[in-house]
Amino acid sequence: MRNGNKWDVVPHAEIQYIESDNKLCKVVTVHREYILSTPLQELEDHLPKDTFIKIHRCYIVSCLFIRAISKTAIFIAGRELPVSRSAQPDIIGRYRR
């Protein structure tokens, strides 16, 4: 990820979640946050499907950092992120295994 004049290599294991806001995405990692002008769909295409899940049209989360799940929200990195109705079955299915 771009960090001033250089590029930071960010391992997938450090990404907690990604939040989309209009044309920008905020990638929240263990150590810091990055702002990218890459569409959320493009970022999702490059993430491992077994570790990351799209919980809402604006959020992708890492299953490694989820602390709690309710019917309408996921708790991760000290935040409560909304879960869309269409994503609920996939999330419940992953955690019932």
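Where is the place of Ser 84? Select Ser 84 in this predicted model: its place is in the loop between β10 and α2, the helix of residues 88-96. The tour returns to this residue at its end, after the sheets and cores have been visited.

**The whole chain**

Begin with the full cartoon. The protein has two helices and ten strands. Read from the N terminus, the order of elements is β-β-β-β-β-α-β-β-β-β-β-α. The radius of gyration is 13 Å, close to the 13 Å that the globule rule gives for 97 residues, so the protein is as compact as a globular protein of that length. Along the principal axes, the C-alpha trace spans about 45 × 25 × 25 Å.

Switch to a surface representation. About 6,300 Å² is exposed by the protein, and carbon and sulfur atoms supply 50% of that area. Of the 97 residues, 41% count as buried. Among contacts between residues at least 6 apart in sequence, 38% join residues at least 24 apart.

**The sheet of five strands**

Return to the cartoon and select β3 to β7. Strands of a sheet pair through backbone hydrogen bonds, either parallel or antiparallel. Here the five strands form an open sheet in the order β5-β4-β3-β7-β6, with antiparallel pairing. Its edge strands are β5 and β6, each of which pairs on one side only. Direction ignored, neighbouring strands of this sheet are turned by 20 degrees against each other on average.

Now select residues 15-21 and 24-29, which are β3 and β4. Six bridges join these antiparallel strands, β3 and β4. Glu 19 can be shown together with Lys 26, its bridge partner in β4.

Next, select Asn 22, in the loop between β3 and β4. The hairpin of these strands has two residues between them, and Asn 22 takes a positive phi near 60 degrees there. Asn 22 is a residue other than glycine. Its relative accessible area is 74%, and as the cut-off for exposed is over 50%, Asn 22 counts as exposed.

Continue along the chain to β5, residues 33-36. β4 and β5 pair in the antiparallel sense over four bridges, and a hairpin of three residues joins them. Within this pair, Val 27 has Tyr 34 in β5 as its bridge partner.

At the other side of the sheet, select β6 (52-56) and β7 (59-62). Four bridges link β6 and β7 in the antiparallel sense. His 56 has Tyr 59 in β7 as its bridge partner.

**The sheet of three strands**

Select β8, β9 and β10. These form an open sheet of three strands in the order β8-β9-β10, with antiparallel pairing. The edge strands are β8 (66-69) and β10 (79-82), each pairing on one side only. From one strand to the next, the twist averages 30 degrees.

β9 covers residues 73-76, and three bridges join β8 to this antiparallel strand. Show Ile 66, which stands opposite Ile 76 in β9. Then move to Ala 77, in the loop between β9 and β10. Phi of Ala 77 is near 50 degrees, again a positive value in a residue other than glycine. At 35% relative accessibility, Ala 77 counts as partly exposed.

**The nonpolar cores**

Hide the cartoon and show side chains. In soluble globular proteins, nonpolar side chains tend to be buried together. The largest nonpolar core has 16 residues, and those with the most contacts inside it are Tyr 17, Ile 55, Val 61, Ile 74, Ile 76, Leu 81 and Ile 91. β6, β7 and β9 are the elements that give two or more residues to this core. A second, separate core has twelve residues, including Val 27, Leu 40, Leu 47 and Phe 52.

Centre the view on Ile 76. Leaving aside neighbours within four places in sequence, Ile 76 is in contact with Gln 16, Tyr 17, Val 61, Ser 62, Phe 65, Ile 66 and Leu 81.

**Back to Ser 84**

Finally, select Ser 84 again. Is this loop residue buried or exposed? Its relative accessible area is 18%, so Ser 84 counts as buried, the cut-off being under 20%. With neighbours within four places in sequence left aside, Ser 84 is in contact with Ile 55 and His 56.

Note on methods: Residues are numbered from 1 along each chain as its sequence is written. This is a predicted model: local features need pLDDT of at least 70, side-chain atom pairs count only at pLDDT 80 or more; totals for chains, interfaces and linings use all residues. Side-chain values use heavy atoms; hydrogens and water are left out. Two strands pair if DSSP finds at least two bridges between them. Axes are lines fitted to C-alpha atoms, for helices over the stretch in contact, and angles run from 0 to 180 degrees between N-to-C directions. A nonpolar core is a set of buried Ala, Val, Leu, Ile, Met, Phe, Trp, Tyr and Cys residues joined through side-chain atoms within 4.5 Å. Buried means under 20% relative accessible area, exposed over 50%, partly exposed in between (1.4 Å probe, protein chains only). Contact means heavy atoms within 4.5 Å. The radius of gyration is taken over C-alpha atoms; the globule rule is 2.2 Å times the number of residues to the power 0.38. Accessible areas come from the Shrake-Rupley method with a 1.4 Å probe; for residues, only the protein chains shown count as cover.
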